[in-house]
Amino acid sequence: MNNIAYVALACGIIIGLGAVGACIGIALMGGRYLEASARQPELINTLQVKMFLLAGLIDANFLIGVGVAMLFAFANPFAG
């Protein structure tokens, strides 16, 4: 295998593991939000704001990984 094949494999791994991690993180956070809002309904507004902020940060982390993978795919610094 040459460098381009390794880069394509690395891009797939970056995007795949990033997507799995983001999905697991958002799922755990959503479950904890539902538990917390069921226990203390008066804090729903505060918890909802924090939940959406964290969801955006988790998703931004995944999108940064996609950006790095696209950088490697289209402007490959490792290509000979």
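**Exercises on a two-helix model**

Leu53 is exposed, with a relative accessible area of 55%. Exposed means over 50%, buried under 20%, and partly exposed in between (1.4 Å probe, protein chains only). The model is predicted: local features need pLDDT of at least 70, side-chain atom pairs count only at pLDDT 80 or more, and totals for chains, interfaces and linings use all residues. Residues are numbered from 1 along each chain as its sequence is written, and side-chain values use heavy atoms, leaving out hydrogens and water.

**Exercise 1. Find the helix that holds Leu53, and compare its reach with the expected span.**

Step 1. Leu53 lies in helix H2. Helices are DSSP runs of H or I with at least four residues, strands are runs of E with at least two, and both are numbered from the N terminus.

Step 2. H2 has 31 residues. The expected span is 1.5 Å times one less than the number of residues. For H2 that gives 45 Å.

Step 3. From first C-alpha to last, H2 reaches 44 Å, close to the expected value.

Step 4. Now take Leu53 and Leu63, ten residues apart in sequence. Their C-alpha atoms are 15 Å apart in space.

**Exercise 2. List the buried residues of each helix and say what they pack against.**

Step 1. Helix H1 covers residues 3–39. Its buried residues are Val7, Cys11, Ala22, Met29, Tyr33 and Ser37.

Step 2. In H2, look at Met51, Ala55, Gly65 and Ala69. These are buried.

Step 3. The buried residues of H1 pack against H2. Those of H2 pack against H1.

Step 4. Recall a rule: an α-helix has 3.6 residues a turn, so residues three or four places apart point the same way.

**Exercise 3. Describe the nonpolar surface patch that includes Leu9.**

Step 1. Leu9 is found in helix H1. Leu9 is partly exposed, at 49% relative accessible area.

Step 2. Tyr6, Leu9, Ile13 and Leu17 form the patch. Patch residues have over 30% relative accessible area and no salt bridge (a side-chain nitrogen of Lys or Arg within 4 Å of a carboxyl oxygen of Asp or Glu). Like charges are joined within 9 Å, and nonpolar side chains (Val, Leu, Ile, Met, Phe, Trp, Tyr) within 5 Å.

Step 3. Together the four have about 430 Å² of accessible area, by the Shrake-Rupley method with a 1.4 Å probe; for residues, only the protein chains shown count as cover.

**Exercise 4. State how the C-alpha trace extends along its principal axes.**

Step 1. The protein has two helices and zero strands.

Step 2. Its C-alpha trace spans about 60 × 20 × 10 Å.

Key
Contact = heavy atoms within 4.5 Å.
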